[in-house]
Amino acid sequence: MTVLAIGDIGVLNGMFHVGDEAMFDAAERELRRRGLAVVGVSSATAESTARYGIPTVARLGFVGLDRPAARERARLLVDAASGTRALPAGDDAHAVLAALDDATGVLHTGGGNLATRWPVHIYERTTLTAMAAARGIPVVFSGQTFGPDLDEEDEGLLREALATAALVGVREPTTEALVRSWGTDVRAEVDDASFLDDLLGTDAAAPADAPGVLVSLSGWYAGRDRDEVERGIAQIVDDAAAIVGGPVVFHAHFGPDDPAAPPAGDGLVHERVRAAMATPSVVVPTGDTASSVALARSARLLISSRYHPVVFAAPAGVPVLALAADAYTSVKLGGALGHWGQGAPADLGDPASARVRLREIVAEPDAVRAEAAARHSAHRARTNLWWDDVADVLGG
């Protein structure tokens with residue numbers, strides 16, 4: 001029983017994306033616990049095979065294509081899966097077709113950023129779904145966010161794909177309402193990586209020096225002035241340190257996989273914010289998924305515009321000040337917070353309001369922890385049931 005699982009995995013140019021890898025990692029572990037083997041679809045097959053200890057195949061070839069070329073490639077791949085056309089010799093998708101020959105199911109792991117701003121993911125995920133349908137192979141979508149920005153073509157592609165899926169799992173109420181409006185049955189769950197600490201076991205050991213304030217930022221400001229935004233964030237972190245205490249730790253969720261490498265990705269954002277702060281701070285390199293999970297769960301306060309630090313921290317009852325840049329990030333961050341009884345994200349562009357929200361969040365840390373603890377068993381039970389059902393569907 002082999003499942004072909006697609007996720008946004010694979011270290012390219014030395015850059016590791018914690019959240020994308022975490023969702024795939026959790027899904028692979030959940031399926032393995034239930035006796036299913038996984039073949040992964042990766043941007044860097046050798047790296048992912050070494051990381052997860054599983055076979056991997058290359059992506060479907062949509063990266064860099066404009067929409068007309070992507071439409072034509074999608075038609076070619078579906079025809080190849082159904083046997084009505086042959087792929088050119090040397091096409092990387094031959095490996096996907098071979099994996100489908102042996103697969104009892106196809107799993108779309110969490111994420112994929114299935115919105116119009118990233119059409120490559122929409123073409124990749126919907127085309128693989130159609131290829132599986134051409135072979136009579138069941139498909140499951142797990143832990144997804146769809147939209148909120150979708151043009152007519154992309155919405156049509158997703159609606160068609162989900163209509164053929166055996167199970168659809170989403171991770172926030174906004175996405176649940178959207179998918180239900182398409183007439184598709186859907187299950188709302190927490191993010192796939194919410195219980196990765198359980199799956200990792202001792203690999204997710206707490207750091208020796210836990211953060212007072214943990215900060216994890218992205219460089220997406222939705223067109224706002226970069227310097228103004230980062231000065232505002234620096235003031236927020238200074239306030240947080242004065243209230244909560246230190247140490248103040250910056251941890252990039254998109255950064256070099258080599259701890260000795262110079263700052264890159266989110267790390268560059270962090271360096272600019274640190275330079276604007278009055279409070280001393282330290283940097284914990286990006287490292288790996290296990291260390292990121294442990295770090296987030298050990299903090300006394302998380303300040304984040306990244307999604308997966310919130311996913312890791314909130315189930316442990318860590319108070320979170322989430323900073324949303326736009327509707328898309330607000331949907332995701334609000335969903336992650338809401339599952340664990342924490343309030344809505346603050347507006348990245350309104351630091352004064354965010355500083356007020358900060359004081360509200362840190363005023364009752366015991367209540368935040370108690371609410372997360374009260375919800376934990378039910379969420380874990382629902383997650384276990386979800387993966388039991390996924391394994392039943394995909395196990396052939």
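The lining of the largest pocket draws at least two residues from each of β1, β2 (15–17), α1 (18–33), α5, α12 (307–313) and α13 (327–338). The model examined here is a predicted one, and this pocket makes a convenient place to begin. About 910 Å³ of space lies within the largest pocket. Its lining counts 38 residues, and H17, D20, N113, W118 and R306 are the ones nearest the centre. Sorted by class, the lining of the largest pocket comprises 16 nonpolar, 14 polar and eight charged residues.

The second largest pocket has a volume of about 270 Å³. It is lined by 14 residues, with V78, T126, A130, L157 and E160 closest to its centre. Two or more lining residues come from each of α3 (67–82), α5 and α6 (152–164). Helix α5 makes the greatest contribution to the lining of the second largest pocket, at six residues. In terms of class, the lining of this second pocket holds seven nonpolar, four polar and three charged residues. Helix α5 thus appears in both accounts, giving at least two residues to the lining of the largest pocket and six to that of the second largest.

The surroundings of α5 lead on to the sheet. Helix α5 (residues 119–134) lies across β1, β5 (105–108) and β6 (139–144), and runs at about 175 degrees to β1. These three strands belong to an open sheet of seven strands with parallel pairing, in the order β4-β3-β1-β5-β6-β7-β8. At the edges of this sheet are β4 (56–58) and β8 (187–188), each of which pairs on one side only. Within the sheet, strand β1 (residues 2–9) runs parallel to strand β3 (residues 37–42), and six bridges join the two. In this pairing, T2 of the one strand is set opposite A37 in β3.

Strand β13 (residues 301–304) offers another view of parallel pairing. Strands of a sheet pair through backbone hydrogen bonds, in either a parallel or an antiparallel sense. Four bridges connect β13 with strand β9 (residues 213–216), and the two run parallel. Strand β13 also pairs in the parallel sense with strand β14 (residues 320–324), here over three bridges. Residue I303 figures in both pairings: V215 stands opposite I303, and I303 in turn stands opposite L321 in β14. In a regular strand, side chains alternate between the two faces of the sheet. Along β13, L301 and I303 point one way while L302 and S304 point the other, and all of them are buried.

Conventions:
Residues are numbered from 1 along each chain as its sequence is written. This is a predicted model: local features need pLDDT of at least 70, side-chain atom pairs count only at pLDDT 80 or more; totals for chains, interfaces and linings use all residues. Side-chain values use heavy atoms; hydrogens and water are left out. Two strands pair if DSSP finds at least two bridges between them. Contact means heavy atoms within 4.5 Å. Axes are lines fitted to C-alpha atoms, for helices over the stretch in contact, and angles run from 0 to 180 degrees between N-to-C directions. On a 1 Å grid over the protein atoms alone, a cavity is a set of points where a 1.4 Å probe fits but cannot get out, and a pocket is an open set with protein on both sides within 12 Å along at least five of seven lines; lining residues have an atom within 4 Å of a point. Grid points are joined across faces, edges and corners, and a volume is the space filled by probe spheres set on the points. Ala, Val, Leu, Ile, Met, Phe, Trp, Tyr, Cys and Pro count as nonpolar, Asp, Glu, Lys and Arg as charged, and the others, Gly among them, as polar. Buried means under 20% relative accessible area, exposed over 50%, partly exposed in between (1.4 Å probe, protein chains only).
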